[in-house]
Amino acid sequence: MSPVPVPSLPGIGRRENLRDRIREALRAAIISGKLEPGVVYSAPALGAQLGVSPTPVREAMLDLVKGGLVVPHPNKGFRITEMSEEDLDNLAAVRLLIEPPTVRDAVAVIPAEDIPELRTMAQAIVDAAERGDLVGYIEADHVFHLTLLGYSRNRFLVDVVSDLRSQTRLLGLTPLLESGMLGRSAAEHHELLDFIEARDASGAELLMHRHIGHVRGLWARGAKEAP
């Protein structure tokens with residue numbers, strides 16, 4: 001299978017840990033479907049889109065190989081792995097077992113002085129949706145949710161959820177963006193913080209159930225499934 005042209009991806013810019021930044025940008029592009037399942041992409045082509053040399057792209061892609069997101073094709077590039085509908089359903093089912101009760105338990109221990117910083121993280125998700133940046137949206141969403149789960153003080157749980165989120169595919173985000181509905185979904189993060197600030201653990205847990213349900217419904221398949 002020959003490498004194909006790469007879709008437009010945002011430049012990485014100059015960052016201290018370039019490899020990590022590239023890895024996370026590519027991970028987000030895979031989750032959102034900007035890098036298509038089953039397609040082989042070359043490191044030089046990806047590097048050109050990101051504004052970096054091929055070497056750190058190859059290094060970042062090798063990190064993603066370990067996570068099962070891509071498969072190397074010698075002398076060609078990296079193929080984006082495909083996930084079946086059953087696989088994605090199972091991923092969401094495991095997340096539902098872990099994330100809502102963890103957020104529920106975290107409500108009582110999140111310090112009030114941390115809320116403004118969490119609001120800033122939630123607003124970054126909204127801002128990315130408003131400017132049509134799907135990669136930025138997924139990166140900001142990833143940071144927000146793993147930060148919340150971090151209040152459990154269970155790094156193994158956070159690592160498991162991080163891996164589950166990375167394996168998820170949200171191919172319906174593009175039609176949601178085009179329909180203007182992604183901004184409304186992004187606002188749920190502020191709603192979740194409202195429950196946390198009010199110390200409403202049950203409300204936070206229920207919202208997390210709904211939020212993850214979107215992964216296999218609205219966010220997975222797009223605006224056509226909106227009520």
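**Helix packing and exposure**

Mentor: Helix 2 and helix 3 are roughly perpendicular to each other. Keep in mind that this is a predicted model.

Trainee: Why are helix 2 and helix 3 called roughly perpendicular?

Mentor: Start with the angle. The two axes cross at roughly 110 degrees and come within 8 Å. The class runs from 65 to 115 degrees. The crossing angle falls in that range, so helix 2 and helix 3 count as roughly perpendicular. As for handedness, helix 2 passes helix 3 in a right-handed crossing.

Trainee: Which residues of helix 2 and helix 3 meet?

Mentor: Helix 2 brings Ala43, Pro44, Leu46, Gly47 and Leu50. Helix 3 brings Pro54, Val57, Arg58 and Met61. By class, that contact has 7 nonpolar, 1 polar and 1 charged residues.

Trainee: Let me step back. What does the secondary structure come to?

Mentor: The protein has 12 helices and 3 strands. Its residues number 227, and 49% of them count as buried. Now look at contacts with a separation of 6 or more. Residues 24 or more positions apart account for 74% of these.

Trainee: How do you know that the span of helix 1 is close to the expected one?

Mentor: Helix 1 covers residues 18–32, which is 15 residues. From first C-alpha to last it reaches 21 Å. The expected span at 1.5 Å a residue is also 21 Å. The two figures agree.

Trainee: Which residues of helix 1 are buried, and what do they pack against?

Mentor: The buried residues are Ile22, Arg23, Ala25, Leu26, Arg27, Ala28, Ala29, Ile30, Ile31 and Ser32. Their partners include helix 2, helix 3, helix 6 and helix 7. Strand 2 (70–73) and strand 3 (77–80) are partners as well. Just after helix 1 comes glycine 33, with a positive phi of about 90 degrees.

Trainee: What makes helix 5 and helix 6 roughly antiparallel?

Mentor: Helix 5 (residues 115–130) packs on helix 6 at about 160 degrees, with the axes 8 Å apart. An angle over 145 degrees counts as roughly antiparallel, so helix 5 and helix 6 earn that name. Their crossing is left-handed.

Trainee: What lies at the contact of helix 5 with helix 6?

Mentor: From helix 5, the residues include Leu118, Met121 and Ile125. From helix 6, they include Tyr137, Val143 and Phe144. The full contact has 12 nonpolar, 2 polar and 1 charged residues.

Trainee: Why is the pair of helix 6 and helix 7 called roughly antiparallel?

Mentor: Their axes cross at roughly 155 degrees and come within 10 Å. That angle is over 145 degrees, so helix 6 is roughly antiparallel to helix 7. The crossing is right-handed. Among the residues that meet are Asp141, His142 and His145 in helix 6, with Val161, Ser162 and Arg165 in helix 7. By class, this contact divides into 5 nonpolar, 5 polar and 2 charged.

Trainee: How do you know that histidine 142 is buried?

Mentor: Buried means under 20% relative accessible area. Histidine 142 has 15%, so it counts as buried. Histidine 142 sits in helix 6, residues 134–150. It touches Ser162, Arg165 and Ser166, leaving aside residues up to four places away in sequence.

Trainee: What makes glycine 183 partly exposed?

Mentor: The class lies between the 20% and 50% cut-offs. Glycine 183 has 29%, so it is partly exposed. Glycine 183 lies in helix 9, residues 182–186. Glycine 183 and aspartate 127 are 56 residues apart in sequence, yet 8.4 Å apart C-alpha to C-alpha.

Trainee: Why is asparagine 75 called exposed?

Mentor: Exposed means over 50%. Asparagine 75 has a relative accessible area of 86%, so it qualifies. Asparagine 75 lies in the loop between strand 2 and strand 3.

Trainee: What makes the phi of asparagine 75 worth a look?

Mentor: Most residues other than glycine have a negative phi. Asparagine 75 has a positive one, near 65 degrees. Arginine 153 also has a positive phi, about 60 degrees, although it is not a glycine.

Trainee: Where is arginine 153, and is it buried or exposed?

Mentor: Arginine 153 lies in the loop between helix 6 and helix 7. Its relative accessible area is 79%, over the 50% cut-off, so arginine 153 is exposed.

Note on methods
Residues are numbered from 1 along each chain as its sequence is written. This is a predicted model: local features need pLDDT of at least 70, side-chain atom pairs count only at pLDDT 80 or more; totals for chains, interfaces and linings use all residues. Side-chain values use heavy atoms; hydrogens and water are left out. Helices (H or I, at least four residues) and strands (E, at least two) are DSSP runs, numbered from the N terminus. Buried means under 20% relative accessible area, exposed over 50%, partly exposed in between (1.4 Å probe, protein chains only). Contact means heavy atoms within 4.5 Å. The expected span of a helix is 1.5 Å times one less than its number of residues. Axes are lines fitted to C-alpha atoms, for helices over the stretch in contact, and angles run from 0 to 180 degrees between N-to-C directions. Angles under 35 degrees count as roughly parallel, over 145 as roughly antiparallel, 65 to 115 as roughly perpendicular and the rest as oblique. A crossing is left-handed if the near helix is turned anticlockwise from the far one by less than a right angle, and right-handed if clockwise. Ala, Val, Leu, Ile, Met, Phe, Trp, Tyr, Cys and Pro count as nonpolar, Asp, Glu, Lys and Arg as charged, and the others, Gly among them, as polar.
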